[in-house]
Amino acid sequence: MKQVLETDGLVCPFPLVEAKDAISGLEIGNELVINFDCTQATEAIPQWAAENGYPVTHFDRVTDASWTITVQKA
Amino acid sequence: MAHLLTERWWNPFATAVVIGIIATIAWPLSAATGRNSGLGITTPSANLTGYLATGDTELIDWGVMLVIGILVGSFIAAKASGEFRIRVRDQATIIKSILGGIGMRVGAAIAGGCTVGNAMVSTAQFEYQGWVATLFMIVGAGVAAKATIKPKQSAAAVPTTESRSA
């Protein structure tokens, strides 16, 4: 199952802070789609996922300065 | 080259070295125009505002050009990297940013220089003022981060009916 976390409009580091909070409520194997528009998170979110051993199943730039990343809880 | 400038991720330490080199070159370049000091943001941006208000061209010096260059350069870099878009943050963030900006100005006036002047230039000159200011900037940022960076209770993730895409 997928859950979507909309963080557009939030300044860094809040997309990551919200993602950490949201993923704690997910069951193992479920995915969290994080939509964000602060540049710093393009580095901070994948790094956080890697540190926790969460696979990144999708990562794309939607439009100028807007990204989506899907992290699977593991 | 385009890939390196607009796409590739830069290691923060490599970036710091590049900034260090630029900050060093800034000294002779600034001195060559008759302005004998290093990188600066606060005084030059005050001069820029002063020029806009009074039209006094005496205020336009190397530092003012640097401040304008930072704006133009950041715009070009962001645009070329696909990272430029006008984004409007929520009310609370805007108000906090304005208050933070005013606070930084007051702090810069008290400390005799902004974060750049104290942490980058003054420390490089081995001035004790720069090191004291830098230490307290780190402490202040740490305290503020602890106090303000926490998840909102309301922003829970919404489940979606979208099926998984393997």
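1. The buried residues of helix α1 of chain A are A:F14, A:P15, A:L16, A:V17, A:E18, A:A19, A:A22 and A:I23. The model is predicted, so these assignments rest on computed coordinates. Helix α1 runs over residues 14-23 of chain A, and eight of its 10 residues are buried, so the helix is largely enclosed by the rest of the structure. A:E18 is on the buried list; under the charge count used here, Glu is negative.

2. What do the buried residues of α1(A) pack against? Within chain A, the partners are β1 (2-6), β2 (31-36), α2 (41-52) and β4 (66-72). Chain B adds α7 (128-148). The surroundings of α1(A) thus include elements of chain A and a helix of chain B.

3. Now the chain as a whole. Chain A has two helices and four strands. Read from the N terminus, their order is β-α-β-α-β-β. The radius of gyration of chain A is 11 Å, close to the 11 Å that the globule rule gives for 74 residues, so the chain is as compact as a globular protein of that length. Its C-alpha trace spans about 30 × 20 × 20 Å along the principal axes.

4. Burial and contacts come next. Of the 74 residues in chain A, 53% are buried. Take the contacts in chain A between residues at least 6 apart in sequence: 60% of them join residues at least 24 apart.

5. Which cysteines form a disulfide? A:C12 and A:C38 do, with their sulfur atoms 1.9 Å apart. The cut-off for calling a disulfide is 2.5 Å between the sulfur atoms. By this rule the count over all chains is one. The link of A:C12 and A:C38 is right-handed, with 65° about the S-S bond. The pair links distant parts of the chain, 26 residues apart. A:C12 sits in the loop between β1 and α1 of chain A, while A:C38 sits in the loop between β2 and α2 of chain A.

6. Are the cysteines buried or partly exposed? A:C12 has 22% relative accessibility and counts as partly exposed, because the cut-off for buried is under 20%. A:C38 is buried, with a relative accessible area of 5%. In chain B, B:C114 counts as buried at 14% relative accessibility.

7. Last, surface and charge. Chain A exposes about 3,200 Å², and carbon and sulfur atoms supply 48% of that area. Chain A carries 4 positive and 11 negative charges. The mean positions of the two sets are 4 Å apart.

How values were computed: Residues are numbered from 1 along each chain as its sequence is written. Chains are lettered from A and ligands numbered from 1 in the order in which they are written. This is a predicted model: local features need pLDDT of at least 70, side-chain atom pairs count only at pLDDT 80 or more; totals for chains, interfaces and linings use all residues. Side-chain values use heavy atoms; hydrogens and water are left out. The radius of gyration is taken over C-alpha atoms; the globule rule is 2.2 Å times the number of residues to the power 0.38. Buried means under 20% relative accessible area, exposed over 50%, partly exposed in between (1.4 Å probe, protein chains only). Contact means heavy atoms within 4.5 Å. Accessible areas come from the Shrake-Rupley method with a 1.4 Å probe; for residues, only the protein chains shown count as cover. The place of a charge is taken as NZ of Lys, CZ of Arg, CG of Asp or CD of Glu.
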